[in-house]
Amino acid sequence: MNTVRQLDRVVIRFAGDSGDGMQLTGDRFTAETAKLGNDLSTLPNYPAEIRAPAGTLPGVSSFQIHFADTDILTPGDQPEVLIAMNPAALKANLRDLKSGGTIVVNTDEFTKRNLTKVGYDANPLEDGSLEDYQVHAVPLASLTIEALKEFDVSKKDAERSKNMFALGLVSWMYSRPTEATEEFLRGKFKAKPQIAEANIAALKAGWNYGDTTEAFAVRFEIPPARLSAGTYRNITGNQALAWGITAAGVASGLPVFLGAYPITPASDILHELSKHKRFGVTTVQAEDEIAAVGAALGASWGGALGVTTSSGPGIALKSETISLAVSLELPLLVVDVQRAGPSTGLPTKTEQADLVMAMFGRHGEAPIAVLAPQSPSDCYDIMLEAARIALHYRTPVMVLSDGYIANGAEPWRLPGTDELPDIGVEFATEPNGVDKAGEPVFLPYQRDPETLARPWAVPGTPGLQHRIGGIEKADKTGDISYDPENHDFMVRTRAAKIAGVDVPDLEPDDPHAGEATTLVLGWGSTWGPIGAAVRGLREKGVPIARAHLRYLNPMPKNTAEVLARYDRVVVPEMNLGQLTMLLRNNFPGTDVVGYNKVRGLPFTSNELQDALEEVIKNG
Amino acid sequence: MADVKLDAPKLKAKDFKSSQEVRWCPGCGDYAILAAVQSFLPELGLEREKIAFISGIGCSSRFPYYLNTYGLHSIHGRAPAIATGLAVSRPDLSVWVVTGDGDALSIGGNHLIHALRRNVNLKILLFNNRIYGLTKGQYSPTSGPGTLTKSSPMGSVDSPFNPLSLALGSEATFVARTLDSDRAHLQEVLRAAAEHEGSAFVEIYQNCPIFNDGAFEVLKNPETRDESIIRLQDGEPIRFGDKVVVQSGYGLQVKDASEVDEADVVVHKADVDDPAYAFALSRLSGIALDHTPIGVFRNVKRPTYDAGVRSQVDEAATGVDRKEALERLLHSGDTWTVL
């Protein structure tokens with residue numbers, strides 16, 4: 001009989017060859033964990049190559065999940081459990097594992113050849129180098145093949161089910177239900193029921209292996225988290241972002257038009273939206289990044305909610321068209337799922353180094369609104385906000401997600417669709433001025449005095465035919481104008497329009513107001529790690545305030561006032577100090593201290609906690 | 001738009017003139033094209049607001065400003081991409097692209113070929129003057145080898161595109177050529193383009209009096225034009241002057257009529273499915289313009305991209321309560337409830 005022990009939290013990492021199905025295994029474990037009501041956060045980490053040479057270090061793909069009985073903010077700094085499907089996975093991940101942690105290894109892959117391939121002179125399972133860990137050496141592949149010998153599947157297909165054996169075993173170790181995964185497998189292999197049944201049998205065999213062998217003396221339970229009441233689901237950032245775009249179409253009553261070109265890590269948004277035609281969502285996979293944004297802008301001109309999604313290199317290509325959209329003053333949503341650059345950089349790794357490009361990476365004075373989601377589920381809300389601003393102010397809006405948010409998952413308390421904001425627009429239908437002869441005319445650049453937005457008259461509207469273009473337009477009439485004073489006026493007016501975009505105030509989290517002298521200010525995906533670090537400091541009795549910018553342009557109106565309350569502002573960023581630079585420019589006199597790392601990975605909460613403590617200590 | 005029906009005109013040419021002062025150089029071929037288009041547009045039988053002209057950058061791309069329709073003067077080379085977005089989302093509009101040899105074939109080459117292969121409902125008018133006009137006279141992708149310009153003082157060493165061959169290689173379903181100075185022919189070609197369902201590619205030879213004057217003179221001069229221009233007429237044997245077109249090897253060849261048996265003269269058919277025939281026609285003339293066919297080279301039916309995209313959306317979206325569908329989407333898959 002196994003002993004059952006209660007844990008409050010655990011971090012598990014599944015690691016294997018990129019062909020071993022580790023992302024799927026992680027996804028399924030995540031779904032089971034979510035179903036059980038734990039709070040969770042995940043971190044997929046995979047190579048850029050689809051199938052790097054088998055068994056090599058560059059080919060290692062991993063998936064980390066942190067789950068707990070309390071609310072958590074990060075996928076965990078260090079795994080406590082490592083599932084290693086081959087020597088490469090062990091070697092690549094061992095240094096991250098907590099001392100004393102648990103390792104489950106697939107011994108079938110620990111052949112002399114595979115060991116040599118990754119530079120092991122001796123077998124680490126035998127040379128004592130793992131004695132600080134609890135090692136479970138399990139021949140995962142041969143056990144799977146044995147379990148499936150009665151099935152009508154090839155030996156190769158049977159061997160491929162070893163990830164499900166591993167999932168079954170780990171599900172048993174951590175008391176996760178597997179019914180949903182069985183159902184999932186039946187759906188996934190609908191066309192090949194024998195493969196589905198083989199995978200399910202492997203899953204069950206893994207579970208039973210844990211249950212019946214003496215090797216695992218203890219199994220664990222992590223009780224559900226005490227989350228606020230509501231219906232939850234698990235969601236990744238890219239999925240939430242696509243759903244947010246869909247919801248913006250519903251909320252505005254406009255057809256959504258996505259122009260996109262495949263690029264990592266943004267392609268999943270295109271895939272997801274391509275499934276949502278029932279919402280009137282049109283997706284065009286364009287010939288290139290420029291055509292993608294061009295088609296979206298053309299659709300916007302025609303009265304749709306034009307959207308384009310990409311990553312840094314693609315956004316660079318779209319820059320000229322975004323400037324045209326600034327000049328045409330049409331709504332356009334531009335999503336940049338940032339990845340490590342420059343150039344191809346580390347395409348599957350995360351970074352926040354496109355902030356300055358989002359702010360200024362266009363020709364001429366071409367300000368746009370810039371927003372950044374702070375977590376996977378926040379992508380839904382941020383797209384509704386981006387659409388509100390784009391439609392209300394007739395402007396391009398850039399949304400800066402990143403690889404960490406895009407692929408990471410967390411539980412999401414589902415919003416009611418009756419909470420959808422009203423972001424509908426009124427198209428122009430009537431002339432809004434008179435010409436010199438006193439005849440009614442349509443003035444495409446006659447602005448709303450409050451928002452400075454221009455009227456949106458879509459082609460097809462009788463009597464409002466007009467011509468617009470990239471050449472500078474005369475105020476009100478929109479006619480071509482080379483007049484110096486007019487250009488100065490138009491440049492300043494477009495800037496004033498963006499500066500005047502209504503965004504909510506910054507709400508600093510400072511439970512011991514007056515005690516904290518340091519504010520930690522983040523943006524984007526650092527929200528989770530910063531939150532965990534701040535929590536750690538407060539538990540140690542170190543007072544610290546925090547705030548997070550979801551609106552980067554314009555910044556909340558009270559930003560200056562909030563910053564002025566503290567002696568110094570620490571800004572952790574996965575770049576070399578881009579928000580730091582903007583803050584120093586916008587709020588001179590503020591003592592801004594940057595904490596910057598660009599490793600392609602999110603900050604760990606421990607390193608941030610140490611860094612913040614250091615700053616506070618040194619005053 | 002999917003279903004343009006040429007109707008008895010209700011509007012007049014003057015109804016399509018905008019209030020903007022036309023600012024091309026005196027003598028520019030664009031004036032003739034503008035006048036021809038303005039007097040043709042009433043034939044579409046559409047209200048002005050149902051017509052959209054989109055252009056890129058270059059002299060020709062100022063065109064939309066001078067038409068009393070909806071107009072968008074966009075970015076260098078990008079008009080076909082922007083127009084694709086409009087055409088896909090607005091089936092009720094007649095969408096026209098105005099472009100030039102630099103705009104369409106150099107900086108925007110990629111968008112042109114992809115619009116054509118997709119067969120998007122766009123009417124693409126390419127004003128080919130074989131020179132960069134707006135930037136003051138550099139050689140273009142249709143300039144001949146050896147062209148002397150500011151950027152090629154010793155003569156261009158570039159090889160030019162044959163725009164029609166390119167369009168045919170891009171799987172275009174409608175390909176035609178006409179001349180700025182021949183209003184009747186230009187309008188006849190525009191009419192055929194407008195009636196075509198899908199992408200229509202029309203090359204218009206256009207004179208630039210400032211930087212490349214007389215480039216098409218051989219097709220205009222009464223002394224040379226009859227032996228240079230081949231007027232393609234559907235269903236008619238191809239003859240011009242005292243010459244005819246016959247098959248030769250894998251292509252076509254011009255021969256003296258006297259040397260050829262009447263039965264061997266090629267009869268023009270624009271709806272021949274194999275694009276090799278239209279391609280061979282497009283190769284009859286080169287930079288030198290001897291034996292230049294004008295008219296409709298190819299006109300075949302193929303499903304259009306925009307209609308295909310829309311039918312999928314319509315099929316999926318018909319009768320869907322979007323709010324309810326969103327509620328279902330959010331709650332799809334694994335969910336759990338915390339009390």
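Here is a short chat about a predicted model, covering chain B, the nonpolar cores and a helix pair in chain A.

Colleague: How many helices and strands are there in chain B?

Modeller: Chain B has 11 helices and 12 strands.

Colleague: And what radius of gyration does chain B have?

Modeller: It's 22 Å for chain B, and that agrees with a compact globule, because one with 339 residues would come out near 20 Å. The C-alpha atoms of chain B fill a box of roughly 95 × 50 × 45 Å along the principal axes.

Colleague: What share of chain B's residues count as buried?

Modeller: 50% of the 339.

Colleague: OK, switching to the cores. Which residues touch the most other members in the largest nonpolar core?

Modeller: A:Met383 and A:Val397, in a core of 262 residues. Helix H14 of chain A, residues 378–393, gives the largest share of this core, with 11 residues.

Colleague: What is A:Val397 in contact with, leaving aside neighbours within four places in sequence?

Modeller: Its contacts include A:Leu333, A:Ile368, A:Leu371 and A:Ile389. There's also a second, separate core of 8 residues, with B:Tyr132 and B:Phe211 among them.

Colleague: Now the helices. At what angle do H1 and H6 of chain A cross?

Modeller: Roughly 30 degrees, with the axes coming within 10 Å. Angles under 35 degrees count as roughly parallel, so H1(A) is roughly parallel to H6(A).

Colleague: Is that crossing left-handed or right-handed?

Modeller: The crossing of H1(A) and H6(A) is right-handed.

Colleague: Which residues make the contact?

Modeller: From H1(A), they include A:Met22, A:Leu24 and A:Phe29, and from H6(A), A:Ala166, A:Leu167 and A:Val170 are among them.

How values were computed. Residues are numbered from 1 along each chain as its sequence is written. Chains are lettered from A and ligands numbered from 1 in the order in which they are written. This is a predicted model: local features need pLDDT of at least 70, side-chain atom pairs count only at pLDDT 80 or more; totals for chains, interfaces and linings use all residues. Helices (H or I, at least four residues) and strands (E, at least two) are DSSP runs, numbered from the N terminus. The radius of gyration is taken over C-alpha atoms; the globule rule is 2.2 Å times the number of residues to the power 0.38. A residue is buried if 20 or more other C-beta atoms lie within 10 Å of its own, exposed if 12 or fewer, and partly exposed in between; C-beta atoms are placed from the backbone. A nonpolar core is a set of buried Ala, Val, Leu, Ile, Met, Phe, Trp, Tyr and Cys residues joined through C-beta atoms within 7 Å. Two residues are in contact if their C-beta atoms, placed from the backbone, lie within 7 Å. Axes are lines fitted to C-alpha atoms, for helices over the stretch in contact, and angles run from 0 to 180 degrees between N-to-C directions. Angles under 35 degrees count as roughly parallel, over 145 as roughly antiparallel, 65 to 115 as roughly perpendicular and the rest as oblique. A crossing is left-handed if the near helix is turned anticlockwise from the far one by less than a right angle, and right-handed if clockwise.
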